[in-house]
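Please open the model in a viewer and keep a selection panel at hand. The stops below are to be visited in order, each beginning with a selection.

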Amino acid sequence: MKLVIAEKPSVAQSLAAVLGAKEREQGYLQGNGYVVSWCVGHLIGLAAADAYDARYSNWCYEDLPIIPKVWKYAVAPDKKEQYEVLVSLMNRPDVESLVCATDAGREGELIFRLVYDHAGCQKPIERLWISSMEDTAIREGFESLRPGRDYDLLYEAALCRAKADWMVGISGTRLFSTLYRKTLNIGRVMTPTLALVVEREAAISNFKKEKFYTVVLDCGKFTAVSDRCENRKAADHLASACSTQAAVVKRVERKQKSTQLPKLYDLTSLQRDGNRLFGYTAQQVLDYAQALYEKKLLTYPRTDSNYLTEDMKDTIAGLCELAASALPFAIPTFTVDAGRVINNAKVSDHHALLPTRQVKSTDLAALPAGERNILTLVTVRLLCAVGEKQSYEDTVAVLDCGGTSFTAKGRVITVPGFKAVEQAHLSSLKKKPEDDTKDEDAKALPPLTEGQTFERVKAAVKEGTTSPPKHFTEDLLLSAMEHASAEEFAEIEGVERTGLGTPATRAGVLEKLVRGGFLERKGRQLLPTKKGFNLIVVLPESVKSASLTAQWEADLKAVERGEQTADAFLGGIENMVSELVAQYSAIKADTAMFQQREVIGKCPRCGSDVVEGKKNFYCTNRECQFSMWKDDRFFTSKHKELTKPMAAALLKNGRIKMKGLFSEKKGVLYDAVVVLADTGDKYVNYKIELPPRPKKQGKE
């Protein structure tokens, strides 16, 4: 009997259906020589800091850095029941071996191995490694199971990643949170990603627009443009000199060019287009792709490859025919050259994203809109990637007018190629992407020959301004994360991706930054909050360096390949964390940088800032107990609530005039002055000052 362990119940059910394990039990299925169960994501994780010492329950600078000598693990509290199911199955006498059928990647390997090790199981392991949940792919995968030991290095790299993130996250977060008295989450990938956004916003803020001027000649059926002029006066002078003059064609150059075919999607490029075309977040795209994978309509989504393997070449033409017929819009006739997307050397764990053959028998209109859009993107990209290049002729004409050169450019599309398929898709979208067809809209020039003259041309000055860098959208930020420090690592043999994180983790990183209040979404833009900006300002380069984090990612790949030991990698992380804590030992932090609440006044007891809380206005000095409660009995008895303007006035002047105070004794309303009469006791006191009564005039 083989015990097959998947990552999710839905995947386990698909595997069980193919294997013939139809008997449903509590937490597993069995039959036909198989027991099939699941992990429900991460059942086992690295234990919390206080598992090593109870004093770590409190965050204290003196306890840092926290670097375990022997690592501890813990079962997720909400998943103990399923963990116990797996342990009992592993210990069943009739279970002779296990099949690791979690997602075929670094994290999937970690999920299975931690459960296997924590349970103390020593039965043989085989590995199911598939890129599609189609029945045929599952059958073929079980016919060619690989020895579990082939993935020992993948597990080591996964464990290194988890331990590195734990050390940097625990010690870094506690260090800066205790220094600045504010929860400041630090992450190995998260913090450098935040730094990219902060640096971009700083560049935009510091950018100074500069005006420039060009002179445009109107030659009737086309226009020609001068080089940029330094100032308006020079441009006006040139326009005046050229207006009503003759323009003579001095040179005409025509070049045949082509547009390179797009690559097949990996996860990151799919997330970028999902954001650019539909406004989906990276996490949404991943969720949609994962759902399609589990519905057997898409291959494994967490891939970093844009290519396919040689053994897939003969199946591509048939897949393209099926996929094209399933699209909800008509596309022009297309060609298929599968060789364009085949490259064994550029496929590591998984090949590029593809629709499966099951799309033909699926009603795409019945899919949720997000899943349908993502599946359509992958299908269109397949047809484009194996199609024909777009060919065009570019023409550049140089004209002379008044002794100055002007340039006219034109383009003629000769072979639409894959762009026709792409355009058919874009035309079906309700909301078109910005500037998506800018190059293709270039107009053709009329036939021009050297020496041709255009009499009495019109000349006009056109003003332009230089543009600042663009704000990050998730599309642009994912690209920046993927290519961070690419130049620095371009010459490292065997390292293709040198960015921040992996395709599988980048979406989660962005979501953590948003949830933590470091980034905020405004439309499609991702912008740093004040908290996020200030965090990057105070952090040292070692924590926010994109190049350092990219080097760590390259090192993790080296661990996978056996080119670096796990101990060497973790030793580098331990040294960095220790140096970080030592670096800040004598620094007095400016806690005001992370004061998120508006200061409404000064404390009458100690002079510190008073800010607004949910139920009160309180002193920010932790040793001071000054607090003005919004529902203080003094005000509620008078049918009033202490508001922010009232509190600010009381703190500034010690008194405030109020109208319509209710008298419980007489049941009437009256006006009076409320005085802040604080005596330093636990509770703040107030008192009423009534206006003086007018004196009665006596008899003369």
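Select Phe634 in this predicted model. Phe634 has a relative accessibility of 15% and counts as buried, because the cut-off for that class is under 20%. Add Phe635 to the selection: Phe635 is buried as well, with a relative accessible area of 1%. Which residue pairs with Phe635 at 4.9 Å centre to centre? The partner is Tyr686, and the pair is edge-to-face, with 70° between the planes. This pair joins distant parts of the chain, since Phe635 belongs to helix α19 (residues 633-636) and Tyr686 to strand β25 (residues 686-689), 51 residues apart. Tyr686, like Phe635, is buried.

Now show the aromatic rings throughout the model. There are 13 aromatic pairs in total. Among them is that of Phe634 with Phe635, again edge-to-face, with 5.1 Å between centres and 85° between planes. For another group of rings, select Tyr52, Trp71 and Trp166, which ring pairs link into a cluster.

Remain in the C-terminal direction from α19 and select His639, which is located in the loop between α19 and α20. The phi of His639 is near 60°, a positive value in a residue other than glycine. Is this residue buried or exposed? His639 has a relative accessible area of 56% and is therefore exposed, the class that begins over 50%. Continue to helix α20 (residues 644-653), where the buried residues are Met646, Ala647, Ala649, Leu650 and Leu651. Just after α20 comes Gly654, with a positive phi of about 80°.

Go next to helix α1 (residues 9-19). Select its buried residues, which are Val11, Ala12, Ser14, Leu15, Ala16, Val18 and Leu19. Which elements cover them? The cover includes strands β1 (2-6), β3 (28-31), β4 (34-38) and β7 (97-101), together with helices α4 (135-143) and α9 (282-294). Gly20 follows α1 and has a positive phi, near 85°.

Two loop positions come next. Select Leu64 and Pro65: the peptide bond between them is cis, with omega near -5°. Pro65 lies in the loop between β5 (44-46) and β6 (73-75). Then select Arg181, in the loop between α5 (152-180) and α6 (190-206). Arg181 is not a glycine, yet its phi is positive, near 55°. With a relative accessible area of 54%, Arg181 is exposed.

For a helix-helix contact, display α8 (residues 267-278) and α11 (residues 369-385). Their axes are 11 Å apart and the helices pack at an angle of about 115°. The crossing of α8 past α11 is right-handed. To see the contact itself, select Leu270, Asp273, Gly274, Leu277 and Phe278 on α8, and Asn373, Ile374, Leu377, Val378 and Arg381 on α11. By class, the residues of this contact comprise 6 nonpolar, 2 polar and 2 charged. The spacing of such positions along a helix can be read with a general rule in mind. An α-helix has 3.6 residues a turn, so residues three or four places apart point the same way.

Keep Arg381 selected and add Tyr265. The charged end of Arg381 sits over the ring of Tyr265, 4.1 Å from its centre. A further arrangement of this kind is found at Arg411, whose charged end sits over the ring of Tyr392, 4.0 Å from the ring centre.

From Tyr392, select Ser258 in strand β12 (residues 247-259). Leaving aside residues up to four places away in sequence, Ser258 touches Lys389, Gln390, Ser391 and Tyr392. At 32% relative accessibility, Ser258 counts as partly exposed. Draw a C-alpha to C-alpha distance from Ser258 to Val341: the two are 18 Å apart in space and 83 residues apart in sequence.

The last stop is Gly403, in the loop between β13 (390-401) and β14 (404-415). Gly403 is exposed, with a relative accessible area of 65%. How many ångströms separate the C-alpha atoms of Gly403 and Lys163? The separation is 69 Å, for residues that are 240 residues apart along the chain.

Key. Residues numbered from 1 in each chain as written. Predicted model: local features only at pLDDT ≥ 70, side-chain atom pairs only at ≥ 80, totals over all residues. Heavy atoms only, no water. Phe/Tyr/Trp six-rings, centres within 6.5 Å; stacked < 30°, edge-to-face > 60°. Buried < 20%, exposed > 50% of the residue type's maximum accessible area, 1.4 Å probe, protein only. Helix = DSSP H or I, 4+ residues; strand = E, 2+ residues; numbered from the N terminus. Lys NZ or Arg CZ within 6 Å of the ring centre and 35° of its normal. Axes fitted to C-alpha atoms, helices over the stretch in contact; angles between N-to-C directions. Left-handed = near helix turned anticlockwise from the far one by under 90°. Contact = heavy atoms within 4.5 Å. Nonpolar A, V, L, I, M, F, W, Y, C, P; charged D, E, K, R; others polar.
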